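This briefing walks through one protein model, moving from how far it can be trusted to its core, its pocket and a few individual residues. Please keep the structure in view while reading, and look up each place as it is named.

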Amino acid sequence: MSEMQPSDVFANTTNEITYRLITAEDIDTVMDIERKAHSHPWRRSSFEDCLQGRQKCWLAIVNNEIRGYIVVAHGGGDAELLNVVVAPTWQRKGLGRQMLEHAVKAVETHADMLFLEVRVSNHRAIELYSAEGFFEVGHRKNYYPTVNGHEDALLMARQL
């Protein structure tokens, strides 16, 4: 995977958000946020893969604390947003939008299209993605696990 832009550390002084790549020391904190934010969280090994360069995981740091993270992979002219999480106490404050903008800037020189999957029940996320230029390109049947079975995913994309 080639280097992504902007740099791996990006400061946005307007919102006091600093972005940096995940380190092994961050994984416990990230897993704590992941478990609080998702009914079916990622495995620890998924974040450990970010340390190996298979995908990039940027942490959103506010007031010297991890408040969210975004995981992106790219290759072959496409990019995929794999995970976007804002700590529950920081949701609906614009952090998710800022993180999304950071991810777009990071991959726009490496990809023509940015794809993502989102639960069909996650109306707030779908609203955010739509407002940021993503459009529906398909569905994935029974893609996400739920307490009572599975839920469809909406496949969305944005031209870069």
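Helices (H or I, at least four residues) and strands (E, at least two) are DSSP runs, numbered from the N terminus. With that numbering, residue I70 has its place in strand β4. The model is a predicted one, and the mean pLDDT of the protein is 88, with 91% of its residues reaching 70 or more.

**Confidence**

- Confidence in the protein is highest in strand β6, residues 113-119, at a mean of 96, and lowest in strand β1, residues 10-12, where the mean is 44.
- Over residues 1-15 the pLDDT stays under 50, and for these residues the model has 45 contacts beyond four places in sequence.

**The nonpolar cores**

- In soluble globular proteins, nonpolar side chains tend to be buried together.
- Here the largest nonpolar core has 28 residues, and L81, V118 and Y129 are those with the most contacts inside it.
- Two or more residues of this core are given by each of the strands β2 (17-21), β3 (56-62), β4 (65-75), β5 (78-86), β6 and β8 (149-159), and likewise by the helices α3 (95-107) and α4 (123-131).
- Which element gives the largest share of this core? That share, seven residues, comes from α3.
- Leaving aside residues up to four places away in sequence, L81 touches I70, V71 and V72, and also L100, A103, L114, F115, L116 and Y129.
- A second core, separate from the one just described, has 15 residues, and I22, M31, I61 and V85 are among them.

**Helix α3**

- Helix α3 has 13 residues and reaches 19 Å from its first C-alpha to its last, which is close to the 18 Å expected at 1.5 Å a residue.
- Is α3 mostly covered or mostly uncovered? It is mostly covered, since ten of its 13 residues are buried.
- The buried residues in α3 include L95, G96, Q98, M99 and L100, and further along the helix H102, A103, V104, A106 and V107.

**The largest pocket**

- The largest pocket has a volume of about 1200 Å³, and of the 36 residues that line it, H38, V84, N122, A125 and Y129 are the closest to its centre.
- At least two residues of the lining are supplied by each of α1 (27-37), β5, α3, β6, α4 and β7 (135-146), and the largest share, seven residues, comes from β5.
- Y129 therefore deserves a second look when the core and the pocket are compared, because it is named among the residues with the most contacts inside the largest core and among those closest to the centre of the largest pocket.

**Buried and partly exposed residues**

- Why does I70 count as buried? Its relative accessibility is 0%, and buried means under 20%.
- Not counting residues up to four places away in sequence, I70 touches K56, C57, W58, L81, N83, V84, M99, L100 and A103.
- I70 and E101 are 31 residues apart in sequence, and their C-alpha atoms are 11 Å apart in space.
- M31, which is found in helix α1, is buried as well, with a relative accessible area of 6%.
- Beyond four places in sequence, M31 touches W42, R43, R44 and F47, while the C-alpha atoms of M31 and N122, 91 residues apart along the chain, are separated by 21 Å.
- A37 also lies in helix α1, but this residue is partly exposed, with a relative accessible area of 30%.
- When residues up to four places away in sequence are not counted, A37 touches V85, V86 and P88, and its C-alpha atom is separated by 9.7 Å from that of T89, 52 residues away along the chain.

**Two residues with positive phi**

- N64, in the loop between β3 and β4, has a positive phi of about 65° although it is not a glycine, and N64 is exposed, with a relative accessible area of 75%.
- R92, found in the loop between β5 and α3, is another residue other than glycine with a positive phi, near 65°, and at 60% relative accessibility R92 counts as exposed.

How values were computed
Residues numbered from 1 in each chain as written. Predicted model: local features only at pLDDT ≥ 70, side-chain atom pairs only at ≥ 80, totals over all residues. Heavy atoms only, no water. pLDDT = per-residue confidence, 0-100. Contact = heavy atoms within 4.5 Å. Core = buried A, V, L, I, M, F, W, Y, C linked by side-chain atoms within 4.5 Å. Buried < 20%, exposed > 50% of the residue type's maximum accessible area, 1.4 Å probe, protein only. Expected span 1.5 Å × (residues − 1). 1 Å grid on protein atoms, 1.4 Å probe; cavity = no way out; pocket = protein on both sides within 12 Å on 5 of 7 lines; lining within 4 Å. Points joined across faces, edges and corners; volume = space filled by probe spheres on them.
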